[in-house]
Amino acid sequence: MGASGSKAREARVEFYRQKGKIHARAVQGPFNSLRWALVWITQGIFFGACWLQWEGPEGLRQAVLFDIAHEKLYLFGLVLWPQDALLLALVLILAATGLFLVTALGGRLFCGFACPQTVYTAIFTWLEARVEGDHLARRKLDQSPASARKWRLKSLKHGLWLGFSLVTAITFVGYFTPIRELLPALAQFQVGPWEAFWLLFYAAFTYVQAGLAREAVCQHMCPYSRFQGVMFDPATRNVAYDRQRGEPRQAGRQAGGDCVDCGICVQVCPVGIDIRDGLQYQCINCGLCIDACNQVMDKLGLPPGLIRFASEQELAVPAAPRPAPLRPRVAVYGSLFLVFVLLGAWTLAERSLVLVDVLRDRHVLMRETADGRIENAYTLKLMNLDDTPRTYRISVAGLPGLELVGERDFEVAAGGIRPVSVTVATAAGQHPSGAQPILFQVAALNAPATRAEEKSRFMLP
Ligand code: SF4
Ligand code: SF4
């Protein structure tokens with residue numbers, strides 16, 4: 001193959017890299033299979049979890065539900081409240097640390113396989129290919145003048161995209177309004193204004209992000225692509241082209257390296273880059289160029305791995321032993337991950353299912369009774385964070401002879417807040433005068449582990 005063949009290949013590569021809509025060539029292989037496996041797993045969870053039911057104390061309910069109206073988050077048997085914000089913050093920190101750890105080990109694996117943008121772009125591209133054909137047919141259609149066929153195919157594609165976006169939006173809202181109530185309400189056009197807003201917003205968001213913007217989100221909008229480099233070290237394994245083996249690239253390989261400059265790795269790239277130009281922030285580590293190049297190598301009778309997951313160190317000195325996975329950066333991220341797992345588990349295990357707030361009666365400092373006792377009045381706000389109604393027994397400690405006057409057991413509904421008035425009394429003349437510290441104790445009957453304490457003051461003459 002002469003210079004003209006090489007120029008033709010260059011032109012073909014440029015054709016795929018030119019700005020504008022990218023129509024990536026389909027490719028089969030282990031990384032493509034892994035990508036689709038994750039599409040099925042993530043979408044199976046997303047579309048399926050809202051239909052799971054859980055038998056709670058108040059009957060059957062949706063297992064995973066963000067009940068904003070009642071400020072509750074149901075996760076199967078666990079019910080979280082705004083007071084559990086620390087736990088939710090820990091989960092977010094844990095997710096971020098896990099992402100850093102995975103990135104330090106294998107680059108942007110999350111981007112290539114599990115990011116919703118990648119997953120939905122894969123689904124939308126699949127729908128597009130079913131309607132418009134393969135990458136060449138799609139590009140030809142885009143460049144063809146307006147015609148009835150073009151309008152028909154484009155309308156069908158956008159209709160399918162919109163339909164899928166709407167199903168996604170309904171499912172998303174179904175995590176905030178029980179899906180079994182949402183669907184009949186939708187069928188009767190009786191959804192509330194917030195539900196209608198989020199349905200339209202989320203459907204439009206999905207359609208624009210996965211259908212229209214696609215790789216532009218990864219290239220220009222995602223902040224993660226910009227700062228991921230700080231998590232890399234020379235031993236981080238990314239999708240990389242083995243320059244030493246591949247260069248000088250040459251069609252026909254009469255005397256060059258293993259790269260035959262076929263450009264197929266560029267054609268399959270969903271973000272339209274050429275991995276042979278080196279590590280680029282746009283690369284989402286999806287591995288499709290590995291699948292493509294391995295097929296080329298197979299046809300040429302060459303070993304696979306001209307493009308592969310490899311670190312800078314491995315590429316620089318191919319014969320060098322592979323770096324141990326436990327490097328300082330990985331050890332730091334791994335330790336942080338473990339610390340947050342333990343902290344989260346401890347917070348969950350130690351969280352109290354009853355909260356109590358104590359307010360002193362502001363109108364009357366103290367009262368002296370006819371039988372020579374001193375009384376102070378308080379309002380206790382009992383908050384039941386349990387998923388079942390509870391009866392709490394209140395007691396008081398801190399001064400000898402201190403006791404509650406009247407009722408001391410109070411029932412609070414599941415998830416309810418109940419203010420209760422209590423009076424505390426002690427004999428006069430037996431204690432120092434002024435404000436004395438006391439302690440209110442609240443314990444659930446039949447659930448001794450559910451208890452809380454709150455400090456207050458007892459006023460004496
Ligand atoms: S697919 Fe492999 S052989 Fe073809 S251009 Fe890319 S790196 Fe070279
Ligand atoms: S260069 Fe390869 S790994 Fe990176 S985005 Fe393109 S196809 Fe995926």
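Here is a short chat about how a few features of this predicted model get their names.

User: What should I know about the ground rules first?
Analyst: This is a predicted model, where local features need pLDDT of at least 70, side-chain atom pairs count only at pLDDT 80 or more, and totals for chains, interfaces and linings use all residues. Residues are numbered from 1 along each chain as its sequence is written, chains are lettered from A and ligands numbered from 1 in the order in which they are written, and side-chain values use heavy atoms, with hydrogens and water left out.

User: What makes Arg138 and Glu128 a salt bridge?
Analyst: The rule asks for a side-chain nitrogen of Lys or Arg within 4 Å of a carboxyl oxygen of Asp or Glu. Arg138 and Glu128 come in at 3.4 Å, N to O, so the pair fits that rule. By this rule the count comes to 17 salt bridges.

User: And what does the Arg138 pair tie together?
Analyst: Arg138 sits in helix H6 (residues 135-143) and Glu128 in helix H5, so parts 10 residues apart in sequence get tied together. Helices here are DSSP runs of H or I with at least four residues, strands are E runs of at least two, and both are numbered from the N terminus.

User: Why is the pair of Phe124 and Trp161 called tilted?
Analyst: Rings of Phe, Tyr and Trp (its six-membered ring) pair if their centres lie within 6.5 Å; planes under 30 degrees apart are stacked, over 60 edge-to-face, and the rest tilted. Phe124 and Trp161 have 5.5 Å centre to centre and 35° between the planes, so "tilted" is the right word. Phe124 is in helix H5 (residues 116-132) and Trp161 in helix H7 (residues 148-173), 37 residues apart. The structure holds 21 aromatic pairs.

User: How do you know that domain 1 and domain 2 touch?
Analyst: Contact means heavy atoms within 4.5 Å, and nine residues of domain 1 are in contact with eight of domain 2. The bounds, 30-83 + 110-226 for domain 1 and 354-460 for domain 2, come from an automatic or database domain assignment. No salt bridges are counted between domain 1 and domain 2.

User: What makes Phe76 stand out?
Analyst: Phe76 has a phi near 55°, a positive value in a residue other than glycine. Phe76 lies in the loop between strand S4 (72-75) and strand S5 (78-80).

User: Which bond joins Glu247 and Pro248?
Analyst: A cis peptide bond, with omega about -10°. Pro248 is in the loop between helix H12 (243-246) and helix H13 (264-267).
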